[in-house]
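Please work through the following exercises with the sequence and the structure open beside you. Each task is followed by a solution that goes step by step.

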Amino acid sequence: MPPVRVLMVCLGNICRSPMAEYVLRHQVAAAGLDAHIAVASAGTSGWHNGEDMHSGTRRTLLAQGIDPAGFASSQVSDGDLARYQYIVAMDDANLAELARLFGPLPPQVFKITDLIPETGYQQVPDPYYSGDFDETWRLVTAGCAALLARIQADWGPFNP
């Protein structure tokens with residue numbers, strides 16, 4: 001069976017979605033499921049295409065023992081809806097842009113905060129503006145753990 005594919009999405013693909021991509025990859029590897037789940041990220045804008053992640057994201061990942069190597073920002077494309085089983089947005093504006101690109105959104109497209117209602121957050125605040133990469137880390141880590149549990153529930157047990 002081909003891997004389940006997940007796309008994390010934010011505005012510029014340099015702060016939140018790369019952090020979510022690398023956190024979920026780390027959680028997937030820790031669960032021994034990297035042969036079964038593939039994770040990528042993209043931005044709704046192409047402002048930073050080809051650039052590395054924000055230094056605050058890189059610093060936060062490194063502080064948590066996650067290697068941020070190999071990243072290059074990219075933009076969501078209209079073919080992504082067919083390529084990914086899950087497209088996970090960081091905020092309402094990202095979701096609205098995905099709806100503009102894809103049309104009516106199927107259940108496979110949702111916000112990461114939909115998975116963690118107990119946090120009280122409706123979206124992941126953008127640390128590019130807030131500077132609070134720790135807040136982003138906490139929300140993304142909780143959201144990725146919930147997403148991994150959902151993937152396992154949706155796709156049945158994987159054999160690591």
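**Exercise 1. The sheet**

Task: In this predicted model, find the order of the four strands in the open sheet, and work out which strands are at its edges.

Solution: Begin with the pairing, which is parallel, and follow the strands across the open sheet, where they come in the order 2-1-3-4. Next, look for strands that pair on one side only, and you arrive at strand 2 and at strand 4, which covers residues 109-111, as the edge strands. From one strand to the next, the twist has an average of 25 degrees. Finally, look at how strand 4 is held: it pairs with strand 3 in the parallel sense, over three bridges, and within this part of the sheet Ile87 has Val109 of strand 4 as its bridge partner.

**Exercise 2. The nonpolar cores**

Task: Determine which members of the largest nonpolar core touch the most other members, and which helix gives the most residues to this core.

Solution: The largest nonpolar core has 36 residues, and those that touch the most other members are Val6, Met8, Leu24, Ile37 and Leu147. At least two residues each are supplied by strand 1 (4-10), helix 1 (16-30), strand 2 (37-43), strand 3 (86-89) and helix 6 (133-155). With eight residues, helix 6 gives the most to this core. To see one member in detail, take Val6: leaving aside residues up to four places away in sequence, its contacts include Leu24, Ile37, Tyr86, Leu147 and Ile151. A second core, separate from this one, has 12 residues, among them Leu7, Ile87, Leu95 and Leu98.

**Exercise 3. Aromatic pairs**

Task: Describe the pair formed by Tyr22 and Phe71, and explain why this pair ties together parts that are apart in sequence.

Solution: A pair of aromatic rings is described by two values, the distance of the centres and the angle of the planes. For Tyr22 and Phe71 the centres are 6.3 Å apart and the planes are at 70 degrees, and since an angle over 60 degrees counts as edge-to-face, the pair is edge-to-face. Tyr22 belongs to helix 1, whereas Phe71 lies in the loop between helix 2 (55-63) and helix 3 (80-83), so the pair ties together parts that are 49 residues apart in sequence. Both Tyr22 and Phe71 are buried.

The pair of Tyr86 and Phe110 can be treated in the same steps, with 6.4 Å centre to centre and 85 degrees between the planes, which is again edge-to-face. Tyr86 is in strand 3 and Phe110 in strand 4, 24 residues apart. A charged residue is also found here, as Arg150 lies over the face of Phe110, at 4.4 Å from the ring centre.

**Exercise 4. Two single residues**

Task: Decide whether Asn13 is buried or exposed, and whether Thr141 is buried, partly exposed or exposed.

Solution: Asn13 is found in the loop between strand 1 and helix 1. Its relative accessibility is 0%, and because buried means under 20%, Asn13 counts as buried. Most residues other than glycine have a negative phi. Asn13 is not a glycine, yet its phi is positive, at about 60 degrees.

Thr141 is placed in helix 6, and with 23% relative accessibility it counts as partly exposed. Its C-alpha atom is separated by 7.3 Å from that of Ala20, although the two residues are 121 residues apart along the chain. Leaving aside residues up to four places away in sequence, Thr141 touches Val23 and Gln27.

How values were computed. Residues are numbered from 1 along each chain as its sequence is written. This is a predicted model: local features need pLDDT of at least 70, side-chain atom pairs count only at pLDDT 80 or more; totals for chains, interfaces and linings use all residues. Side-chain values use heavy atoms; hydrogens and water are left out. A nonpolar core is a set of buried Ala, Val, Leu, Ile, Met, Phe, Trp, Tyr and Cys residues joined through side-chain atoms within 4.5 Å. Buried means under 20% relative accessible area, exposed over 50%, partly exposed in between (1.4 Å probe, protein chains only). Contact means heavy atoms within 4.5 Å. Two strands pair if DSSP finds at least two bridges between them. Axes are lines fitted to C-alpha atoms, for helices over the stretch in contact, and angles run from 0 to 180 degrees between N-to-C directions. Rings of Phe, Tyr and Trp (its six-membered ring) pair if their centres lie within 6.5 Å; planes under 30 degrees apart count as stacked, over 60 as edge-to-face and the rest as tilted. A charge sits over a ring if NZ of Lys or CZ of Arg is within 6 Å of the ring centre and within 35 degrees of the ring normal.
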